[in-house]
Amino acid sequence: MRIAETSDLWWKNAVIYCLDVETFFDDDGDGTGDFAGLTQRVDYLAALGVTCIWLMPFYPTPDRDDGYDVTDFFGVDSRLGTLGDLVEFIRAAKDRGMRVIADFVVNHTSDQHPWFVEARKSTDNPFRDFYVWRQDTPPDTSSEVVFPGEENSLWTQDEATGEWYLHMFAKHQPDLNVTNPKVRDQIAKAMGLWLELGLDGFRLDAVPFFLETRGQPKDEAANIDPHAYLAALRSFVSRRNGSAVLLGEVNLPYKEQLEYFGGPDGNELNMQFDFMSMQHIYLSLARQDARALAETLKSRPAIHPDNQWAMFVRNHDELTLDKLSDGERQEVFAAFGPEKNMQIYGRGLRRRLPPMLGGDMERLRMVYSLIFSLPGTPVLFYGEEIGMGEDLRQKGRAAVRTPMQWNSEKNGGFSSAKASDLVAPLVRGEYGPDRVNAAAGKRDPESLFTFMATLIARYREAPELGWGSFAVIDQPEPAVFAHTCSADGGTLVLLHNFGEGTVKVSGKAVPDDGPAHAFRGAVLLDLFDGGNVALDSDGGFSLELGRYGYRWFRVHRKGDRPAP
């Protein structure tokens, strides 16, 4: 595929790296990471091969929900630095060819936000309609709460006026009223500010929730089509920055996700996380049987060419398994989170991948090879590249939000502060910084870091993975997931063994194409360090995959352009 053809829609073959500024690197020694520290680590991310940095919320906050409880959409939390520090970081990242996107929380604010402080004063306050209120006692909504055990209703009564306000999440996070044009104006102004300062887009938090119009008078809710609003937001962002992206968190079945892309027009979210594939990857890993993933991907609908799926095995939230059946979820729990303390909300895990796989490097490499080979854009969570583990001593989702482990020195090189002053404790034990850290990984040619850097380089040389059409190669061996990605005459053949035993893989590299001997002399060029495989004259092939083995090939026929 010609690289020039891939330059406009940069997000289709990007490598996105999610980090929280406060846990990445502390420059001033106060125990909290900051933008000055992040700027010092830009070269590390460039060396890994990252092309887009995703910042978790950096706005002023009481920090009751790791920054997702915002008190000012137009500022930078003073713990992290100044507006100038943020701009310097963006400049440094762009100087090294990396784009920067940031979390934007449209659904709610903190209850300490000046808007809500004003809104709760009286029913006729000018900011009252920035939020969603009701006078009558709400019905029982305990079955709808997002975080079971932390809340028991979507509504909380406010003492000042006796009315109830809506909060789809925690009661200290009142929901904004997007049917109010003044709210929509403020959201646009805030997004416009960050785009002017150099951001390349936003990861939109909890998209289906911020488009919720419950609790609104019917005439007001009827005046705004939620999807029309999302399309208008996309249009606004594109006007301000033609190459900006909206990456949405939409944990819904595929059919409903299509609506958030904008249907056949593709004019709403540019990208969405593929939660369905992620959850079935874990089911396939638990079973050592690739069929659950294969069937899920076969059912994934076609999307507009400008849209893209974001592929991941870990993010900053709980590792949700809510789209699996109860029985399937229990299979994953039994394999990767058998202790209650490893589970969260009854629907997910609060663990990182290396401990879940028992530190098995062969299996770990296979999983990351799989994620980068699937059609979509890979997204990494900080620390994945060095094999960081979780800290189950921490509450809830904080288990996977521990400080980055830079070296084996004090505080893992994260901060010079006293351990008691750190924003969060470091992981201890087998996955602590004395055993797992970036400095050691960069020096070791056999490390996970070295593997990930090579994997990213191969991914960047294979634009078919981001742009191409996808097809599963059916296999008689249940443990094998085999597929192709094809674009502009180029085809990749990608093979992964979910099992512990050696297996035989066979199939055709491409569908029937031309005369019977069209592939005479053609080969599968190995893209890593294995040997090439000769193709049969009809495009067929046969080979063995070892324990948790993986192979990436490019179909090469006589006369083809030389591969990278």
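**Figure 1. Charges and overall form of the protein chain in a predicted model.** The protein chain carries 59 positive and 83 negative charges, and the mean positions of these two sets are 3 Å apart. Its accessible surface comes to about 21600 Å², and carbon and sulfur atoms contribute 47% of that area. The secondary structure consists of 17 helices and 22 strands. The radius of gyration is 24 Å, close to the 24 Å that the globule rule gives for 564 residues, so the chain is as compact as a globular protein of that length. Taken along the principal axes, the box filled by the C-alpha atoms is roughly 80 × 55 × 50 Å. Of the 564 residues, 60% are buried, and among the contacts with a separation of 6 or more, 69% are made by residues 24 or more positions apart.

**Figure 2. The two assigned domains of the protein chain.** Domain 1 covers residues 110–175, whereas domain 2 covers residues 468–556. The distance between the C-alpha centres of domain 1 and domain 2 is 55 Å.

**Figure 3. Surroundings of Asp158, in the loop between strands S5 and S6.** The loop that holds Asp158 is preceded by strand S5 (155–157) and followed by strand S6 (164–166). Asp158 has a relative accessible area of 5%, which places this residue among the buried ones because the cut-off for that class is under 20%. When residues up to four places away in sequence are not counted, Asp158 touches Arg120, Trp133, Glu163 and Tyr165. Of these partners, Arg120 is 38 residues from Asp158 in sequence, and the two C-alpha atoms are 7.4 Å apart in space.

**Figure 4. Pro476, an exposed residue in a loop between two strands.** Strand S15 (469–472) and strand S16 (480–487) lie on either side, in sequence, of the loop in which Pro476 is found. Pro476 is exposed, since its relative accessible area is 71% and the class begins over 50%. Measuring from C-alpha to C-alpha, Pro476 and Thr137 are 58 Å apart in space, with 339 residues as their separation in sequence.

**Figure 5. Gln288 and Tyr345, two loop residues with positive phi.** Most residues other than glycine have a negative phi. In Gln288, by contrast, phi is near 55°, and in Tyr345 phi is near 60°. Gln288 belongs to the loop between helix H10 (275–287) and helix H11 (291–298), and with a relative accessibility of 28% this residue counts as partly exposed. Tyr345 is found in the loop between strand S12 (343–344) and strand S13 (348–349), and its relative accessibility of 19% makes it count as buried, because the cut-off is under 20%.

**Figure 6. Gln405, a buried residue, and its contacts.** Gln405 lies in the loop that runs between strand S14 (377–381) and helix H15 (438–443). Its relative accessibility is 0%, and Gln405 therefore counts as buried. Leaving aside neighbours within four places in sequence, Gln405 is in contact with Ile386, Met388, Gly412, Leu426, Val427, Tyr431, Gly432, Pro433, Val436, Asn437 and Ala438. Leu211, which is 194 residues from Gln405 along the chain, has its C-alpha atom separated from that of Gln405 by 38 Å.

Key
Residues are numbered from 1 along each chain as its sequence is written. This is a predicted model: local features need pLDDT of at least 70, side-chain atom pairs count only at pLDDT 80 or more; totals for chains, interfaces and linings use all residues. Side-chain values use heavy atoms; hydrogens and water are left out. Helices (H or I, at least four residues) and strands (E, at least two) are DSSP runs, numbered from the N terminus. The radius of gyration is taken over C-alpha atoms; the globule rule is 2.2 Å times the number of residues to the power 0.38. Buried means under 20% relative accessible area, exposed over 50%, partly exposed in between (1.4 Å probe, protein chains only). Contact means heavy atoms within 4.5 Å. Accessible areas come from the Shrake-Rupley method with a 1.4 Å probe; for residues, only the protein chains shown count as cover. Lys and Arg count as positive and Asp and Glu as negative; His and the chain ends are not counted. The place of a charge is taken as NZ of Lys, CZ of Arg, CG of Asp or CD of Glu. Domain bounds come from an automatic or database domain assignment.
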